[in-house]
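Got the viewer open? Here is a walk through the model, one selection at a time.

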Amino acid sequence: MTSSQSKLPPRVLYWFRTDLRLHDSPALHAALELKPEFFYPIWTWDPQYVFAHKVGVNRCNFLLESIENLSFSLTACNPKAKLHVVRGPPQTVIPALCKAWNITHLVYEKDTAGYAAVRDAEIKAYVLKEGIEVIDILGHTLYDPQAIIELNGGKPTMSISSWSAAAKKLSSPSRPLPPPDKLPSPGDMPLAGFSREDHPVMTGVDLNEAYRVSATTCFDTMAGPDGNFSIPTMEELGFPPATTSIHGGETEALKRLEAYCADKARVVKFAKPKTSPAEFDPPATTQLSPYLKFGCLGSREFLWRVRDTIDQWDKDENGKKNNEITEHPENLEGQLCFREMYYAAEWSQGLRFGQIRGNAICRFIDWRLQNQYDADGLKTHPRPLGHTRDEERLSAWKEGRTGFPWIDAIMRQLRQEGWIHHLARHSVACFLTRGQCYISWERGAETFDELLIDWDPCANAGNWMWLSCSAFFSMYYRVYGVKSFPEKYDKTGKLVRKFCPELVNFPDKFIYTPHLAPVDVQERAGCIIGRDYPFPMLDEKAEKEQCMQRVKAAYALGLYGNDPATFDGSAVTKLEQEAESPNTVYREGQKRETNHNIQKRKQQRGEEGISAKRTKVNGIKKYLVQK
DNA sequence: ACGCAGTTGGGACC
DNA sequence: GGTCCCAACTGCGT
């Protein structure tokens with residue numbers, strides 16, 4: 001810190017990013033503890049988010065609504081305060097603002113994940129060199145991902161039990177801090193040094209071109225069209241209006257939390273696997289994920305509101321019905337714990353968490369259409385895996401025209417609403433990867449990035465690895481059916497009728513398999529399969545069998561994304577040889593016996609139990625069976 | 001070395 | 001609608 005700046009009363013630049021709220025904000029609290037003379041709340045509108053990063057209209061709209069609401073709340077604390085939106089890359093505009101506004105302290109909520117962590121390290125180093133103090137404080141998650149990994153012996157948290165064991169050693173998350181009721185005013189805001197010429201925005205490829213209905217004007221100036229750091233509009237982004245019914249903002253988040261917790265028994269008995277992915281009006285879950293993602297809702301606020309609701313219910317019931325309280329990890333608190341587990345695991349891998357190559361926790365499976373280049377621009381495979389047929393299947397999946405109504409309805413709901421139920425995500429993710437299409441989870445993850453409002457670099461990549469049996473989960477023989485699974489929740493196909501309206505008049509019996517309906521039924525439904533709705537694009541059962549054998553072979557090979565063999569081509573060659581003449585022999589009776597029920601049953605029948613042992617031969621695991 | 005659990009499977013059979 | 005079996009994974013605890 002230079003001597004002139006150390007004498008200045010604090011002038012705080014408060015950078016909002018993952019914390020679009022005033023409640024439950026340790027970083028904001030720390031900023032105000034400085035008793036700043038001037039307080040500048042800003043949001044940086046990064047052109048990377050608008051041009052180089054595929055982001056659908058619904059997430060963009062949610063973000064705009066959230067920062068609008070935040071600005072409104074700032075003004076409620078001080079009529080002179082508002083959120084200043086600075087257009088430009090943060091690496092450029094943050095140092096420029098610090099200089100122009102004589103900033104002494106840069107304060108923000110720490111973001112441990114993905115690109116943001118890399119970006120922040122760069123900015124922090126630069127700003128510190130200029131003698132400005134940087135205060136970055138955790139607040140987005142309940143626990144520090146780094147601390148969790150250290151307590152887990154330096155290993156990534158690969159199961160909820162290992163995460164829980166590590167978390168137990170840390171102190172329980174504190175109660176949320178209240179929002180401030182007043183704020184200091186900002187000082188002068190000279191615009192010196194703020195011209196587009198000085199800080200050219202990113203040009204070149206516009207990944208969101210397909211969405212735009214007019215030219216992007218929001219980067220014409222750093223301070224917006226009126227020079228007052230206004231919040232950009234969808235029009236300025238060239239975007240058409242959003243299609244979702246989910247609206248952003250801290251006010252909306254707290255209202256939804258309140259409404260959800262008003263039904264105490266629902267909170268107490270919440271069990272994720274029992275909630276229906278087929279329900280949509282209202283959904284069977286809290287639908288608070290977009291608010292947690294943007295920090296409109298604090299994670300401690302959610303945690304303690306849930307805990308208090310359960311305590312209150314328990315008191316009301318005199319503790320008589322304790323057995324009705326759902327246990328960890330299926331309860332609401334457990335949902336938050338999985339989020340924490342993914343944040344910790346992500347921290348252990350950094351940017352590599354979102355790809356296969358270089359990712360030490362991700363199994364190498366020879367998925368079609370996997371990344372050819374990794375985040376560092378390094379070639380991952382000597383030749384592309386997959387061809388036109390796979391491209392066509394991927395497009396059909398993305399656009400909701402696979403010919404499987406359950407999959408198509410979910411994918412259309414995803415595009416329209418920007419949100420789908422957790423188990424709906426499971427269905428379409430399993431279908432795209434290990435279930436039927438054998439397409440890389442990287443393609444699925446980037447589709448969700450584009451279309452989900454609540455997309456999060458940790459939870460999204462983590463769940464895609466989970467569903468594709470690449471990490472966290474390994475029972476690849478458990479495959480979600482496109483008829484059996486939704487039928488467990490809804491035999492009448494409400495979700496299909498809503499999002500695939502061409503199928504609305506099919507009888508319940510055929511709603512998930514309309515191609516099996518006799519022609520006269522199709523005619524009466526006013527929908528001929530193959531003409532008005534696609535015929536299934538693949539044989540669900542046959543593809544499932546093939547996928548399972550391929551995943552099994554990849555498991556036997558036992559390679560992970562950081563193995564050199566996964567990018568010099570030798571892993572793929574080995575798997576192809578495996579497909580030609582399997583090293584692992586799947587013969588009748590040659591099973592690895594691990595189910596003790598079967599063992600016990602056989603013993604009861606007086607049969608000799610089978611013992612099996614697994615060995616590695618030439619790097620390939622073989623299942624050897626001995627009688 | 002072994003038993004068993006793992007947030008959320010499918011299908012036959014009663 | 002509930003129960004059991006299918007087929008067979010990893011990681012953790014003992």
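Start with the whole of chain A and how its contacts are spread along the sequence: among contacts between residues at least 6 apart, 74% join residues at least 24 apart. Bear in mind as you click around that this is a predicted model. Colour by secondary structure and you should find 24 helices and seven strands in chain A. Of its 627 residues, buried ones make up 55%.

**Stop 1: the sheet**

Show the strands as cartoons and pick out the open sheet, where five strands run in the order E3-E2-E1-E4-E5 with parallel pairing. At the edges sit strand E3 (84-87) and strand E5 (133-137), each pairing on one side only. Look along the sheet and you'll see the twist: neighbouring strands are turned by 30 degrees against each other on average, ignoring direction.

Now select 11-15 and 38-45. These are strands E1 and E2, and they pair in the parallel sense over five bridges. To find your place, click Arg11, whose bridge partner in E2 is Phe38. On to the next pair: E2 and E3 are also joined in the parallel sense, over four bridges. Here Thr44 stands opposite Val86 in E3.

Stay on E3 and turn on its side chains. In a regular strand, side chains alternate between the two faces of the sheet. Which residues of E3 are buried on each side? His84 and Val86 are on one side, Val85 and Arg87 on the other, and all are buried, so both faces of E3 are covered.

**Stop 2: helices around the sheet**

Select 57-77 next. This is helix H4, which lies across E2 and E3 and runs at about 170 degrees to E2.

Then select 26-33, which is helix H2, and show its buried residues: Ala27, Leu28, Ala30, Ala31 and Leu32. What do they pack against? Their partners are E1, E2, strand E4 (105-109) and E5. After H2 comes Lys35, which has a positive phi, near 50 degrees.

**Stop 3: the second largest pocket**

Turn on a surface and go to the second largest pocket, with a volume of about 1,400 Å³. To centre your view, select Lys272, Gln335, His422, His426 and Asn463, which are the closest to the pocket's centre of the 50 residues that line it.

Which helices should you colour? Helix H11 (289-293), helix H13 (332-349), helix H16 (422-435), helix H18 (457-467) and helix H19 (484-489) each supply at least two residues of this lining. H13 gives the most, with seven residues. Colour the lining by class and it comes out as 28 nonpolar, twelve polar and ten charged residues.

**Stop 4: where H16 meets H22**

Keep H16 on screen and add 540-557, helix H22. The two axes come within 10 Å and cross at roughly 65 degrees. For the contact itself, show Thr433, Arg434 and Gly435 of H16 together with Glu543, Lys544, Cys547 and Val551 of H22. By class, the residues of this contact are two nonpolar, two polar and three charged.

**Stop 5: the loop after H13**

Follow the chain from H13 towards helix H14 (388-399) and stop at Gly354, in the loop between the two. Is Gly354 buried, exposed or partly exposed? Its relative accessibility is 40%, so Gly354 counts as partly exposed. Beyond its neighbours within four places in sequence, Gly354 is in contact with Trp441, Glu442 and Ala461. Try a distance label between Gly354 and Asn460: the C-alpha atoms are 8.5 Å apart, although the residues are 106 apart in sequence.

Further along, His387 is in that loop between H13 and H14 too. His387 counts as partly exposed because its relative accessibility is 47%. From its C-alpha to that of Arg368, 19 residues away along the chain, the separation is 7.9 Å.

**Last stop: the cavities**

How many cavities of 30 Å³ or more does the structure hold? There are four. Zoom in on the largest cavity, whose volume is about 50 Å³. To outline this cavity, select Ile356, Arg357, Phe364, Gln370, Asn371, Thr380, His381, Glu442, Gly561, Thr566 and Phe567. The lining residues divide into three nonpolar, six polar and two charged. You've already met Glu442, as one of the contacts of Gly354.

Definitions and conventions: Residues are numbered from 1 along each chain as its sequence is written. Chains are lettered from A and ligands numbered from 1 in the order in which they are written. This is a predicted model: local features need pLDDT of at least 70, side-chain atom pairs count only at pLDDT 80 or more; totals for chains, interfaces and linings use all residues. Side-chain values use heavy atoms; hydrogens and water are left out. On a 1 Å grid over the protein atoms alone, a cavity is a set of points where a 1.4 Å probe fits but cannot get out, and a pocket is an open set with protein on both sides within 12 Å along at least five of seven lines; lining residues have an atom within 4 Å of a point. Grid points are joined across faces, edges and corners, and a volume is the space filled by probe spheres set on the points. Ala, Val, Leu, Ile, Met, Phe, Trp, Tyr, Cys and Pro count as nonpolar, Asp, Glu, Lys and Arg as charged, and the others, Gly among them, as polar. Two strands pair if DSSP finds at least two bridges between them. Axes are lines fitted to C-alpha atoms, for helices over the stretch in contact, and angles run from 0 to 180 degrees between N-to-C directions. Contact means heavy atoms within 4.5 Å. Buried means under 20% relative accessible area, exposed over 50%, partly exposed in between (1.4 Å probe, protein chains only).
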